[in-house]
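Welcome to a short set of exercises on reading a protein fold. Have a look at the sequence and the model first, then try each task before reading its solution.

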Amino acid sequence: MLQLFDTASQITKELSLRKPGVVGLYVCGPTVYGPAHVGHGRAVLTYDILRRYLEFSGFEVQHVSNITDIDDKIILRANAEGRSWQEVARECEEEWWATMDAMGVLRPVEQPHATAYVEQMVELIEHLIERGFAYQTVDGVYLKAALVPDYGLLSHQSIEDRRSGARVEMDEHKEDPIDFVLWKFAKPGEPTWPSPWGAGRPGWHTECVVMSLALLGEGFELHGGGQDLIFPHHDNERAQAVAVGSRFARHWMHNGMVTVAGEKMSKSLNNFTTLNELLEHTDARSYRLLVLRAHYRSPLEVNATTIEASAAALTRIDALIRRLDGSEVSRGEIATALSTELRDRFVAAMDNDLDTPAAVAEIFEAVRRANSLADAGDVSLAARLSEEIATLLGALGIEVHQARKIDDEVRSLVEQRDSARGNRDYSTSDKIREELENLGWVVEDTAEGTRIHR
Ligand SMILES: [Zn+2]
């Protein structure tokens, strides 16, 4: 079974499941205030690949990813544009899903919105106050982080380290610099919800605790997000859950950051590249392949050169599939051994902490092998390997045109057309071409006669 590196224990291990065959996966989703950039794309693709691979391995994945539809950045943008925050959030969320669809990303099974869970967040905060883990100040309600057992478990920083690094903002009235806000009292002009402490809105770290536990239940299998979320977001999510006696997530997974020309992807560095810009230049599959060719915990360099190299690699796969499209596929022993060997190597790489670079290298090795088999005339063996390559790429979310067996009817049409052309009966040959095209085939005339492909 799949072994994954766990950020909490720093050990690569199997997921511990509550129910055999079912994985509850919570991934922190976007704050909807602007277009998705390549960093978002990497994170979303990482968890899409994980989910697809788990499903390929026979698991059911309860994939939940939230939409943060209330946040300072949404309010700032709405105020700057003289629009309502709801309108900004709704429009940005629509754009988000349109981009994700274009990227070939499977939609999460559940997409909870923060604003739909505010009552439950208020209940959680009440519970934290009752248990002595939270306190009220003039500007909000805060969590006493130092009281939480193993606070900082995910970022592996001690409370003392954290304290010396923490900065207290001017408008905060915390007892301890490491405390964090659970409920913010409303400032003029901001959206508010009622609470026992006064009108306001929840802090960001509270929403994921409530939504993950509400939809996936106690002790869910896996919590994911980018490495930039380890601290403060995930340490602070976990602190709230642990403070009310929850085990929370059993396993934590974090993907690496995207660098653009060697610098960390950041809007403030002005190297902001949106996914829509990327999709204007390249096939969505090229970006997915680029993501697959780096280990998910490593940094990923995104620039024109790395994307073009990825697009060129895809061309080699497409050419193989095209070359063998329609060829007879061997079901013999040798062909079965070839495809089984490929699948075993692929699975071994993927099960090893999602070693997608190794898994993809196996696929490219198989592409070379299938081409040399075809060169040597072993076309049906090559076609079997090519079929397996298409299946494994499909498990990673990369679709190739599946080799399609030409049935007897189609084969006979091709033969009739070749004989009509041999007799210079072009009106019959054109009619048959039309018939083949209506059946969905692309028809080419070659020196060896009619060639068809999808
Ligand atoms: Zn979150």
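Let us begin with a helix and the residue after it. Helix α6 is followed by Gly-217, whose phi is positive, near 90°. Keep in mind that this is a predicted model.

**Exercise 1. How many of the 13 residues of α6 are buried, and what is the reach of α6 from its first C-alpha to its last?**

Step 1: Start with the length. Helix α6 covers residues 204-216, and its reach is 19 Å, close to the 18 Å expected at 1.5 Å a residue.

Step 2: Now look at its surroundings. A residue is buried if 20 or more other C-beta atoms lie within 10 Å of its own. In α6, the buried residues include Trp-204, His-205, Cys-208, Met-211 and Leu-216.

Step 3: Put the count together. Eleven of the 13 residues are buried, so α6 is largely enclosed by the rest of the structure.

**Exercise 2. Where do the buried residues of α11 fall when seen down its axis?**

Step 1: Check the helix itself. Helix α11 (residues 333-351) has 19 residues, which should span 27 Å at 1.5 Å a residue; the end C-alpha atoms are 26 Å apart, which agrees.

Step 2: List the buried residues. They are Ala-335, Leu-338, Ser-339, Leu-342, Phe-346 and Met-350.

Step 3: Look down the axis. The buried residues of α11 fall within an arc of 95°, so they line one face of the helix. Here is a helpful rule: an α-helix has 3.6 residues a turn, so residues three or four places apart point the same way.

Step 4: Turn to the other side. The face of α11 turned away from the buried side carries the exposed residues Glu-333, Ile-334, Ala-337, Thr-340 and Asp-344.

Step 5: Find the neighbours. The buried residues of α11 pack against α1 (38-56), α12 (356-375) and α13 (379-395). After α11 comes Asp-353, with a positive phi near 55°.

**Exercise 3. In what order do the four strands of the open sheet lie, and which are its edge strands?**

Step 1: Read the order. The strands run β4-β3-β9-β10, and their pairing is parallel.

Step 2: Find the edges. β4 (60-65) and β10 (251-255) each pair on one side only, which makes them the edge strands. From one strand to the next, the twist averages 25°.

Step 3: Zoom in on one pair. Strand β9 (residues 222-226) is joined to β10 by five bridges, and Leu-222 stands opposite His-251 in β10.

Step 4: Add a helix. α1 lies across β3 (22-27), β4, β9 and β10, running at about 160° to β4.

**Exercise 4. Are the faces of strand β6 covered, and which residue in β7 is the bridge partner of Val-141?**

Step 1: Take the two sides of β6 (residues 140-143) in turn. Gly-140 and Tyr-142 are buried on one side, and Val-141 and Leu-143 are buried on the other, so both faces are covered.

Step 2: Find the partners. β6 pairs in the antiparallel sense with β5 (residues 134-136) over three bridges, and with β7 (residues 180-185) over four bridges. A hairpin of three residues joins β5 to β6.

Step 3: Follow Val-141. Gln-136 stands opposite Val-141, and in β7 its bridge partner is Trp-183.

Step 4: Compare with another strand. In β14 (residues 442-446), the count of buried residues is zero. Five bridges join β14 to β15 (residues 449-453), and the two run antiparallel.

Key. Residues numbered from 1 in each chain as written. Predicted model: local features only at pLDDT ≥ 70, side-chain atom pairs only at ≥ 80, totals over all residues. Buried ≥ 20, exposed ≤ 12 C-beta atoms within 10 Å, placed from the backbone. Pairing = 2+ DSSP bridges. Expected span 1.5 Å × (residues − 1). Arc of directions from axis to C-beta. Contact = placed C-beta atoms within 7 Å. Axes fitted to C-alpha atoms, helices over the stretch in contact; angles between N-to-C directions.
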